[in-house]
Amino acid sequence: MAERIRVNLRDVIKPDERLAPGHRLCAGCGEPTVVRQILHAIETPVVLSTATGCLEVSTSVYPFTSWNVPWIHNAFENASTTITGAEAAFKALKRTGKIPEDKEITFIAFGGDGASYDIGLQFISGALERGHKFIYVCLNNEAYMNTGIQRSSATPKGADTTTTPAGSVIPGKPQWRKPFTRIMAAHDIPYVAQASPHNFRDLMRKAKKAAAADGPAVLNVMAPCPRGWRHSSDQTMAITELATDTCYWPLYEVEDGVVTVNYKPRDKKPVADWLRLQGRFRHLFRPANAWLVEEIQERVDSEWERLLREEECTQGKHA
Ligand SMILES: Cc1ncc(C[n+]2csc(CCOP(=O)(O)OP(=O)(O)O)c2C)c(N)n1
């Protein structure tokens, strides 16, 4: 069963910002909200690494930095490897008595979906398999945004991106998105969760659980990109909320193999409501593409039903 951890508004407005204001992420970008919520939720000192991507390039424009905490720059694919190296060094220093045994640090790697679903996947998998105590956070804006909105394996089917342009040849990206959260959970690690910043209580509770886990933890967090998704910058939270109300982006967690769905909408909304708010799906509302909206709805429904079955099955098994 999901453990009860209380998060209140005061936790989100702490004065000691670990990611300082004045960074250069776009207005309405989901990434800084997600990062701030996670870093506010974690009580211990932190050491961070960030894969190349929007978060990195916008917070470390030489000679400035937005990071008020130790932060390691590295390449696109190896945020997980770098931070787990730091975690291994921390453990070694404790063993040799150079750091007190009771000292606590939370090690966190942040990467975009390009860095997580595609280019860093094998490195993340290795870090999880080695059993390091760290948190991997995917800031999921569903494309390679920093380099100009190219499709990634997190991009949803039907989305218009610069490498899957909707037109007379294809109606946006032809493939379904990769099930990254399930792939992470298949590593049988202590904690994996999917979250969204509009529900800060849920996200921060998950960050606390990830920090307390006895081994690796992964958070896959929706982080809309107004530029790439083509919505106005004041719609970010409304869009993430709708993603959960349509069950396009279910909030759930997997603790030692036991699935808990954290939000079950009373009135599940049609996925078209979510698609319609975003310019990247505008072409889907032409009559000729109605079949694709139907296909997307069927896929969302079947994935949601499978998740509910997994919850029933794993909760029952461990009851
Ligand atoms: C091995 C490698 N390939 C490509 C690049 C170029 N590159 C830098 S950031 C980036 C896009 C990052 O996309 P994502 O991980 O989704 O993060 P976002 O910028 O969307 O937050 C790319 C392609 C690189 N730095 N290294």
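A residue counts as buried here if 20 or more other C-beta atoms lie within 10 Å of its own. By that criterion strand S6, residues 217-222 of this predicted model, is mostly covered, with six of its six residues buried. The chain as a whole has 12 helices and eight strands; its radius of gyration of 19 Å is close to the 20 Å that the globule rule gives for 319 residues, so the chain is as compact as a globular protein of that length.

**The chain overall**

- Taken along the principal axes, the C-alpha atoms occupy a box of roughly 70 × 55 × 40 Å, and buried residues account for 46% of the 319 residues.
- Of the contacts between residues at least 6 apart in sequence, 70% join residues that are at least 24 apart.

**Strand S6 and its partners**

- In a regular strand the side chains alternate between the two faces of the sheet.
- Both faces of S6 are covered, since Ala-217, Leu-219 and Val-221 on one side and Val-218, Asn-220 and Met-222 on the other are all buried.
- S6 runs parallel to S4, to which six bridges join it, and within this pairing Tyr-136 has Val-218 as its bridge partner.
- S6 also pairs in the parallel sense with strand S5 (residues 191-195) over five bridges, where Ala-195 stands opposite Val-221.
- The connection from S5 to S6 passes through helix H8 (residues 200-212), and this β-α-β crossover is right-handed.

**Strand S3 and its partners**

- Strand S3 (residues 106-112) is likewise mostly covered, with seven of its seven residues buried.
- The buried residues of S3 lie on both faces, with Thr-106, Ile-108, Phe-110 and Gly-112 on one side and Phe-107, Ala-109 and Gly-111 on the other.
- Strand S1 (residues 46-50) runs parallel to S3 and is joined to it by five bridges, while S3 pairs with strand S4 (residues 135-140), also in the parallel sense, over five bridges.
- Ile-108 appears in both pairings, as the bridge partner of Leu-48 and as the residue opposite Ile-135 in S4.

**Surroundings of the ligand**

- Of the 19 residues around the ligand, those that come nearest are Gly-53, Gly-112, Gly-114, Met-145 and Asn-146.
- Helix H3 (54-59), S3 and helix H5 (113-119) are the elements that give two or more residues to this shell, and H5 provides the largest share, four residues.
- By residue class, the shell divides into eight nonpolar, nine polar and two charged residues.

Definitions and conventions. Residues numbered from 1 in each chain as written. Predicted model: local features only at pLDDT ≥ 70, side-chain atom pairs only at ≥ 80, totals over all residues. Buried ≥ 20, exposed ≤ 12 C-beta atoms within 10 Å, placed from the backbone. Pairing = 2+ DSSP bridges. Near = placed C-beta within 6 Å. Nonpolar A, V, L, I, M, F, W, Y, C, P; charged D, E, K, R; others polar. Rg over C-alpha atoms; globule rule 2.2 N^0.38 Å. Contact = placed C-beta atoms within 7 Å. Right-handed = clockwise from strand over helix to strand, strands pointing away.
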